[in-house]
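This report introduces a structure to a reader who has not met it before. Please look over the sequence and the three-dimensional view before reading on.

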Amino acid sequence: MAQDIVKEELQRLFVAVELPDAVRSALVEQQQGVPGMRWTPSGNMHLTLRFIGEVPLAQAEAIKAALRSVKTASFPLKVRGLGFFDRKPQAVLWAGVEPSAWLGELQKQVDRALECHAGLKVATGRFSPHITLGRMKQADKKALRAFTDGEKMTFSAEFPVQSFTLFSSVLAPGGAVHMVEERYPLLRIRPATPDDITEIFDVRCSVRENHMSREELAAIDITPDTVRGMITGGDYIVPVALVAGKIAGFAMARISEGYVFALFVRQEQEDEGFGRALMQIVESGLAEHGVQEAWLATGSETGIRAPGFYRHLGWNDCGLMEDGQLKFCKALQKVHNERK
């Protein structure tokens with residue numbers, strides 16, 4: 001007797017950054033002047049971080065959960081320039097983006113999450129971020145070069161990337177239909193202002209490791225006035241991380257010394273990725289100011305988590321300080337170049 005064969009249901013998935021309406025409208029205005037081009041509908045425009053392909057429904061659920069582990073900061077992204085890939089079986093016309101360390105970090109974290117928590121292999125090949133404007137089966141290279149030359153190459157549009165999205169996609173005769181499966185918000189981090197000083201002290205005095213009271217901080221000349229000078233003086237990088245409008249954590253680094261001297265996160269947000277994201281902001285900021293190598297110091301007492309945290313982020317042990325603290329160092333230009 002023939003047995004019925006049950007075909008497993010599959011879902012076609014990809015991960016992408018969605019575009020604001022204004023950016024999509026600006027890109028639609030570029031979609032003209034190339035005979036035979038099949039233009040991408042406005043609603044399907046996106047910047048792909050990872051094409052996953054068809055997976056069983058059970059694995060699709062694992063993928064949804066895995067992407068919730070991605071923890072990095074929101075960032076600005078600039079769409080600039082037009083170009084094309086002459087690939088078989090079709091040419092692809094695209095809008096490019098300016099190099100962004102933060103976009104690269106987001107893509108790496110997406111890949112890492114899918115590998116570690118959903119069983120997918122890391123994507124091969126170099127990440128080449130772009131927004132597909134159209135496809136053409138028989139490439140007319142002359143028409144494509146004419147399209148991407150001249151004034152059109154100056155096209156640009158900037159927008160804040162505040163989330164990324166898992167899409168499912170159904171191939172239909174009229175073109176692919178994309179559906180949002182889940183959106184994942186990015187961490188909100190911004191430069192500190194003097195209005196943040198009270199909350200910065202609240203966070204600093206709430207931590208378990210390296211706890212200090214306001215009085216103890218004042219005794220080493222860490223006061224509202226000195227912190228105000230750090231925020232406004234120009235020689236310091238002071239990012240703050242926000243949750244529902246409240247400061248969840250902050251970092252401080254002195255540019256002229258390459259010294260990261262503060263990284264603190266509220267206890268209730270300790271395992272939500274804020275420390276890592278704040279450190280990424282500080283490292284990138286120092287590197288952009290020409291700092292070749294940064295350093296920091298932390299306690300050496302048995303049982304504290306800070307040394308392991310810094311080692312996990314790629315910081316190297318550089319011996320003991322005179323006061324008994326552990327010194328860590330990190331080459332920043334190498335990291336900065338890798339993130340680009």
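The sections below treat the strands, a helix and a pocket in turn.

## Basis of the report

The structure is a predicted model.

## The five-stranded sheet

Strands of a sheet pair through backbone hydrogen bonds, in either a parallel or an antiparallel sense. Here, an open sheet of five strands follows the order E2-E6-E5-E4-E7, and its pairing is antiparallel. Strands E2 and E7 stand at the edges with a single partner strand each, so one side of each has no neighbour in the sheet.

Within this sheet, E4 and E5 are joined in the antiparallel sense by six bridges. One pair can be located by residue: Asp 86 has Ala 91, in E5, as its bridge partner.

## Strand E8 and its partners

Strand E8 comprises residues 163-170 and is mostly covered, with six of its eight residues buried. E8 runs antiparallel to E1, and four bridges join the two strands. E8 also pairs with strand E9 (residues 177-185), again in the antiparallel sense, over eight bridges.

Thr 165 illustrates both pairings. Thr 165 in E8 is the bridge partner of Ala 16, and Arg 183 in E9 is the bridge partner of Thr 165. E8 and E9 form a hairpin, with six residues lying between the two strands. In the turn of this hairpin, Gly 175 has a positive phi of about 120°.

## Helix H1

Helix H1 spans residues 21-28, and its buried residues are Val 23, Arg 24, Ala 26 and Leu 27. Viewed down the axis of H1, the buried residues fall within an arc of 160°, so they line one face of the helix. The face turned away from this buried side carries Asp 21 and Ala 22, which are exposed.

Which strands help to cover the buried residues of H1? The cover includes strands E4 (75-86), E5 (91-97), E6 (130-136) and E7 (156-161). These strands also appear in the order of the five-stranded sheet described above.

## The second largest pocket

The second largest pocket has a volume of about 1,300 Å³. Its lining consists of 39 residues, and those nearest the centre of the pocket are His 46, Thr 48, Phe 51, Thr 132 and Arg 135. The elements that each give two or more residues to this lining are strands E1 (10-18), E2 (38-39), E3 (46-56) and E6, together with helix H3 (101-118).

By class, the lining of this pocket contains 15 nonpolar, 16 polar and eight charged residues.

Notes:
Residues are numbered from 1 along each chain as its sequence is written. This is a predicted model: local features need pLDDT of at least 70, side-chain atom pairs count only at pLDDT 80 or more; totals for chains, interfaces and linings use all residues. Side-chain values use heavy atoms; hydrogens and water are left out. Buried means under 20% relative accessible area, exposed over 50%, partly exposed in between (1.4 Å probe, protein chains only). The arc is that of the directions from the helix axis to the C-beta atoms. Contact means heavy atoms within 4.5 Å. On a 1 Å grid over the protein atoms alone, a cavity is a set of points where a 1.4 Å probe fits but cannot get out, and a pocket is an open set with protein on both sides within 12 Å along at least five of seven lines; lining residues have an atom within 4 Å of a point. Grid points are joined across faces, edges and corners, and a volume is the space filled by probe spheres set on the points. Ala, Val, Leu, Ile, Met, Phe, Trp, Tyr, Cys and Pro count as nonpolar, Asp, Glu, Lys and Arg as charged, and the others, Gly among them, as polar. Two strands pair if DSSP finds at least two bridges between them.
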